[in-house]
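Please open the model in your viewer and keep the sequence panel at hand. The tour proceeds by selections, each followed by a description of what is to be found there.

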Protein chains: 2
Amino acid sequence: MASPPVAAGLSGATVLGPSLEEGMERRSLRPRIADVAREAGVSKTAVSFAFNSPERLSADTATRIREVADTLGYRPNPVARMLTQRQTMTLGVLTPQALAVIFSNPFFALFSEGVANAAEDLGYELHFISPLQGSLALAVERSTVDGVVAIGLSAEHPEVGQIRGAGLPMVLVDSDDLPEHSSIVVDDEAGARAAAEHLLALGHRDVLVIAVEGPAAASGEPGRHGVSERRLRGYRAAFAAVGTRLAKDHIVAGRASIDGGSSAFQRAWGQGIRPTAVLAMSDAMAIGAMRAARELGLRVPDDLSVVGFDDIDLAGHVDPPLTTVHQPIRKKGADAVRLLLAEMDQRGTHRPEHLRLATRLIVRDSTGPPPRRASQAGSGAP
Amino acid sequence: MASPPVAAGLSGATVLGPSLEEGMERRSLRPRIADVAREAGVSKTAVSFAFNSPERLSADTATRIREVADTLGYRPNPVARMLTQRQTMTLGVLTPQALAVIFSNPFFALFSEGVANAAEDLGYELHFISPLQGSLALAVERSTVDGVVAIGLSAEHPEVGQIRGAGLPMVLVDSDDLPEHSSIVVDDEAGARAAAEHLLALGHRDVLVIAVEGPAAASGEPGRHGVSERRLRGYRAAFAAVGTRLAKDHIVAGRASIDGGSSAFQRAWGQGIRPTAVLAMSDAMAIGAMRAARELGLRVPDDLSVVGFDDIDLAGHVDPPLTTVHQPIRKKGADAVRLLLAEMDQRGTHRPEHLRLATRLIVRDSTGPPPRRASQAGSGAP
DNA sequence: TACGGTTCCTAAACCGGTTCACTAAACCGG
DNA sequence: CCGGTTTAGTGAACCGGTTTAGGAACCGTA
């Protein structure tokens, strides 16, 4: 009943293909909104309303349309919707490292957890943006997101300009050198300083620093990587305060992973460096250093004290439990999303915010006084 | 020179807005293809060609168009491109768990690493699909991907139908109960059996199984979770082969995390269960069980042997190094992507493939013979 | 009877690209 | 100088939705 004049739209409109009335022999398997409209004898608009603002239709019509849509197996095409609404309901997490590197880094896992939780709650999907076939620019160009949380991206990355050019809201994490974007950092310097002071107070003077290598520097140099710089500054400040300083050859760098820390320690050892303590810039590296030390016959903390950074979940569970600098990683992710959404809500009018979260030293069992016997390769104070 | 008749298209075409010739006072900040076309004095088609098939234009025109585009800061809108090309160059990773759960699980990290590597190489972006505001269906509906790698999704999940309805190619990981989709599993049963046989050979009879709880069962029951079932079958087969069996109260379940394993062991202990060995269905849980055991004053492996499953990177680094069942997690991710792309390349014509990867037992130091004294709460053989 | 106000629905424009079908001009061999 | 092929570029249709502006039908009222 109520079957309206079955003109089926577009009466005389040129040639539309012969198979119009012999059922749904369309090239595409998926029915489109026009198919539903035709089948239900209404306009495309009505179908759209049935899904998005049913109150604009009579209850009867709305349910009938939805029934037809159901039997046809119709699902609105999300890409088309994105195009008209000019938003994708997707947030991007931008990292200059390859995805594979990200996932092998427990720090990122925690950070992503924070981001994911916040994004999920707010109904946003998550899209990881990282170099595609070696090109971060390509990945950015392809990505369809409403906003970007960029982590570990400093001012020198050209992609920053690309994103601004695209008019995308962006929040920087672990970098605040672009004042026009909101940012969130932790107090790396204070945390690092506390870590170094802890070792100095225990009596250590011969300390090896294991830094996270910069994105460019594939080996050796700590690099410009903002985070590493800030932490190094903290370490140095503590040493300066007791009238000594870190020897240049006592700073090595490696990948931010267990293996990276392990091989960095071995490398230093191979160069004859015999520290009584290690300051590692990430927990993963600290764990690696402990492993390497154990393999060299050193006991932690009796022969060697080790301090990490980050306080990942695992830090309390390794043997011995790791002394480390806690930073609220999950919170950092969640806050980044909140800042981003604030920026997205009020394009332009919103003044960028710059958050700095506190760090604090967690003393566990991987640190103790230096061994009695003088350190072998002394560069320390007498 | 060569400046063609500057009719600038659409001569008399109704009203287009007064601000047409007074510069780019468009509502949208981003220039569109039409802006470039107008500015360069060519058609939209030409601009499109300049980017996608420059060989169809004279070299001069192509470069000129690109220069204009550059000064205007034009970037093709990726969403519009997706719509016309009907592909997004994005792969989805579908999981029934929340993203936050995913990232806290080292198994997923490794798997994602494998997926990410393969996807990146092939020029695909990665999109994680997991419940949005509690609804996986919503996330699937929203997602714009060319294909899906589904992990831990079994036949009973209604989303499977949803994806098939959308006509999306899909590969199942850790589940092969949908023959019409390609799948990739590991030989869980054989691996589990090897683990149990190892303990039995050492003389253990009183063994606690710590299972991964099913998605539904929030506590207690191992649940229908295919993987858990298969591993349990393996354990049981080994016990049956020596003429004994696993007591029902010796099977507990928990979340697949360190804490999950820890609390599962404590729960069993609280119920008076005093096993000489533990079979954990994931390394994270095994590590948690070791921690709980240590807190209860048990030494591993002297008082308690522990076997894990997965062989995550960490397994060899904990104390004591964990005996576990190795499965090629990264490879699983990479292979899943390969299968998916095969299916995407040859829609329909491609017969689904079903891969089964081998597992193998890695004996480290967390297992040894049971303690001399008879186990306190004996359900074992005399 | 004319009028204003609802209710329910539609045609057409639009989002921002790509692509199909076609043409004007240049080129080319005979 | 002719017919055929290339070359370089165009206009319009199209991808699959949403949205704007408005129309027909019906109601109650003056």
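This is a predicted model. Begin by selecting the surface near DNA strand C, which by class comprises nine nonpolar, twelve polar and five charged residues. In total, 26 residues surround DNA strand C. Which of them are the closest? Label Ala46 and Thr61 of chain A, then Ile33, Ser48 and Asn77 of chain B: these are the closest residues.

Next, colour the elements that give two or more residues to this surface. In chain A they are α2 (44-52) and α4 (78-85); in chain B they are likewise α2 (44-52) and α4 (78-85).

Now move to the sheet of chain B. Four strands form an open sheet here, in the order β7-β6-β8-β9, and the pairing is parallel. At the edges, select β7 (251-254) and β9 (305-307) of chain B, each of which pairs on one side only. On average, neighbouring strands of this sheet are turned by 20° against each other, direction ignored.

Within the sheet, select β6 (residues 207-212) and β8 (residues 277-280) of chain B, which pair in the parallel sense over four bridges. Display Ile210(B) and, opposite this residue in β8(B), Ala280(B).

Finally, add the helices that pack on the sheet. Helix α10 (residues 226-241) of chain B touches β6 and β8 of chain B, and its direction makes about 165° with that of β6(B). Helix α11 (residues 258-270) of chain B touches β6, β7 and β8 of chain B; the direction of α11 makes about 145° with that of β7(B).

Note on methods: Residues numbered from 1 in each chain as written. Chains lettered and ligands numbered in written order. Predicted model: local features only at pLDDT ≥ 70, side-chain atom pairs only at ≥ 80, totals over all residues. Pairing = 2+ DSSP bridges. Axes fitted to C-alpha atoms, helices over the stretch in contact; angles between N-to-C directions. Contact = placed C-beta atoms within 7 Å. Near = placed C-beta within 6 Å. Nonpolar A, V, L, I, M, F, W, Y, C, P; charged D, E, K, R; others polar.
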